[in-house]
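Subject: Structure handover

Hello,

Please find the structure below, with notes on what was found in it. The notes go from the surface to the core and then to the contacts between charged side chains.

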Amino acid sequence: MKLDETYKRYADMVFRYLTALCGDPDLAEELTQETFFRAVKSANRFDGNVRVTTWLCQIAKNAYFSYLKKEKRRSGISIDETDIPVEIDMLDRENCRELYKTVHRLDEPYREIILLRMHTDMSFAEIGEIFGKSEGWARVAFYRGKEKLKKLLEEIE
């Protein structure tokens, strides 16, 4: 697949994933560009053992974490203080904000798995590939994360 075809096909998915992680569409756009730049630089190392979406999301996640490390050094902001103010159609802004604050209280990998399921079209098999685990592991981790999220939301109410 050519680079321009890959970009056209996957840029929106990478953008949505990064928006879910960082909560800032402008930053997500910048990181999407960085993701594809890194993908071009490392294309010769892509062996096809994982799906392109898995590979790109892993690059995107690494680009985001690199950004956070730079910001933390520059401004002293903790990674755990990151907020994700993305709207969900059925929730009003306040409920949405509380939901994402609560999602951010989850430990990894639950937080990332829930965000991946909420904001991408990835299957459990693809999510498992991102983490180097099985589809079953991803399903169980999603279920456990969802249960933890429910308990945290009940505590708020």
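Asp24, Asp26, Glu29 and Glu30 form a negative surface patch. Of these, Glu30 sits in helix H2, which spans residues 25-41. Glu30 counts as exposed because its relative accessibility is 53%, and the cut-off for that class is over 50%. Another member of the patch, Glu29, has its C-alpha atom 9.3 Å from that of Arg16, with the two positions 13 residues apart along the chain. Arg16 belongs to helix H1 and is partly exposed, with a relative accessible area of 28%.

Please keep in mind that this is a predicted model.

Overall fold

The protein chain has seven helices and zero strands. Read from the N terminus, the order of elements is α-α-α-α-α-α-α. The chain has 157 residues, and 40% of them count as buried.

Core

Which residues of the largest nonpolar core touch the most other members? They are Val14, Leu18, Leu56, Tyr64 and Met122, in a core of 40 residues. At least two residues of this core come from each of H1 (3-22), H2, H3 (52-75), H4 (93-105), H5 (110-119), H6 (124-131) and H7 (135-156). H1 gives the largest share, with nine residues.

Helix H5 deserves a separate entry. Eight of its ten residues are buried, so H5 is largely enclosed by the rest of the structure. The buried residues of H5 are Tyr110, Arg111, Glu112, Ile113, Ile114, Leu115, Leu116 and His119. The list includes the charged residues Arg111 and Glu112.

Pro109 is in the loop between H4 and H5. The peptide bond that joins Glu108 to Pro109 is cis, with omega at about 10°. You may want to look at this bond when you prepare the model.

Salt bridges

How many salt bridges does the model contain? The count is nine. Three of them are described here, by helix.

In H2, the side chains of Glu34 and Arg38 form a salt bridge with an N to O distance of 2.8 Å. The two residues are four apart in helix H2, about one turn of the helix. Both partners are partly exposed: Glu34 has a relative accessibility of 29%, and Arg38 has 25%.

In H7, Lys150 and Glu147 form a salt bridge, and their closest N and O atoms are 3.3 Å apart. Here the spacing is three residues within helix H7, again about one turn of the helix. Lys150 is partly exposed at a relative accessible area of 41%, and Glu147 is partly exposed at 26% relative accessibility.

The remaining example joins separate parts of the chain. Arg51 and Glu126 form a salt bridge in which the closest N and O atoms are 4.0 Å apart. Why does this pair tie together parts that are 75 residues apart in sequence? The reason is placement: Glu126 lies in helix H6, whereas Arg51 lies in the loop between H2 and H3. The accessibility of the two partners is as follows: Glu126 counts as buried at 13% relative accessibility, because the cut-off for buried is under 20%, while Arg51 is partly exposed with a relative accessible area of 41%. Through shared partners, salt bridges join Arg51, Glu126 and Glu129 into one network.

A contact between H7 and an earlier residue

Leu153 is in helix H7 and is partly exposed, with a relative accessible area of 28%. The C-alpha atoms of Leu153 and Glu98 are 8.5 Å apart in space, although the residues are 55 apart in sequence.

Regards

Methods
Residues numbered from 1 in each chain as written. Predicted model: local features only at pLDDT ≥ 70, side-chain atom pairs only at ≥ 80, totals over all residues. Heavy atoms only, no water. Patch = residues over 30% accessible without salt bridge, like charges linked within 9 Å, V, L, I, M, F, W, Y side chains within 5 Å. Areas by Shrake-Rupley, 256 points an atom, 1.4 Å probe, with all protein chains shown as cover. Charge placed at Lys NZ, Arg CZ, Asp CG, Glu CD. Buried < 20%, exposed > 50% of the residue type's maximum accessible area, 1.4 Å probe, protein only. Core = buried A, V, L, I, M, F, W, Y, C linked by side-chain atoms within 4.5 Å.
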